[in-house]
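User: I would like to learn how to read a structural model feature by feature. Could we begin with the general idea each time and then turn to the case at hand?

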Amino acid sequence: MRLIINGEAQIVEATTLSQLLTALEYEGEWLATAVNGELIHSDERDDHTLTDDDRIEILTPMQGG
């Protein structure tokens, strides 16, 4: 499946948002995720089915100060 992840086109085998995060080695409930501009809460990721050309944004907290 072709997805746009954080602005970059990628081909992946994942069919749900949860599977995608695992495949990309993102872990933790503290991630913020959006699909096509819609915020997807952590408890909805297992059920959120992806389709070709979806735009995925994955945000992680930044460290520093």
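**The nonpolar core**

Analyst: In this predicted model, the largest nonpolar core holds 13 residues, and those touching the most other members are Leu 3, Ile 5, Leu 17, Leu 20, Leu 50 and Ile 56. At least two residues of this core come from each of strand E1 (2-5), H1 and strand E5 (55-59), with H1 giving the largest share, three residues. As a general idea, nonpolar side chains in soluble globular proteins tend to be buried together.

User: Which residues does Ile 56 touch, not counting residues up to four places away in sequence?

Analyst: Ile 56 touches Leu 3, Ile 4, Ile 5 and Asn 6, then Leu 17 and Leu 20, and also Ala 34, Val 35 and Leu 50. One of these, Ile 4, lies in strand E1 and counts as buried at 10% relative accessibility. With residues up to four places away in sequence again left out, Ile 4 touches Ala 9, Asp 54, Arg 55 and Ile 56. A separation along the chain can also be set beside one in space: Ile 4 and Trp 30 are 26 residues apart along the chain, and their C-alpha atoms are separated by 21 Å.

User: How should I read the sheet, and in what order do the strands form it?

Analyst: One reads the order of the strands, then the sense of their pairing, and then the edges. Here five strands form an open sheet in the order E2-E1-E5-E3-E4, with mixed pairing. Strand E2 (8-11) and E4 are the edge strands, each of which pairs on one side only. On average, and with direction ignored, neighbouring strands of this sheet are turned by 35 degrees against each other. For a single pair, take E1 and E2, which pair in the antiparallel sense over four bridges, and where Leu 3 stands opposite Gln 10 in E2.

User: Is Thr 33 buried or exposed, and which partner does its side chain reach through a backbone oxygen?

Analyst: The reasoning starts from accessibility, for which the cut-off for buried is under 20% relative accessible area. Thr 33, placed in strand E3 (residues 32-35), has a relative accessible area of 1% and is therefore buried. The side chain of Thr 33 reaches the backbone oxygen of Ile 40 at 2.8 Å, while a polar contact of 3.1 Å joins the side chains of Thr 33 and Arg 45. Leaving aside neighbours within four places in sequence, the residues in contact with Thr 33 are Leu 17, Leu 21, Glu 38, Leu 39, Ile 40, Arg 45 and Glu 57.

User: What should I look for in the backbone angle phi, and what is the sign of phi at Glu 25?

Analyst: The general idea is that most residues other than glycine have a negative phi. Glu 25 has a positive phi, near 65 degrees, although this residue is not glycine. Glu 25 lies in the loop between helix H1 (17-23) and E3, and the residue counts as exposed because its relative accessibility is 68%.

User: Where is Asn 36 found, and how accessible is Asn 36?

Analyst: Asn 36 is found in the loop between E3 and strand E4 (38-40), and at 47% relative accessibility this residue counts as partly exposed. The phi of Asn 36 is near 50 degrees, again a positive value in a residue other than glycine.

Key. Residues numbered from 1 in each chain as written. Predicted model: local features only at pLDDT ≥ 70, side-chain atom pairs only at ≥ 80, totals over all residues. Heavy atoms only, no water. Buried < 20%, exposed > 50% of the residue type's maximum accessible area, 1.4 Å probe, protein only. Polar contact = N/O pair within 3.5 Å; in protein donor to acceptor, adjacent residues only side chain to side chain. Contact = heavy atoms within 4.5 Å. Core = buried A, V, L, I, M, F, W, Y, C linked by side-chain atoms within 4.5 Å. Pairing = 2+ DSSP bridges. Axes fitted to C-alpha atoms, helices over the stretch in contact; angles between N-to-C directions.
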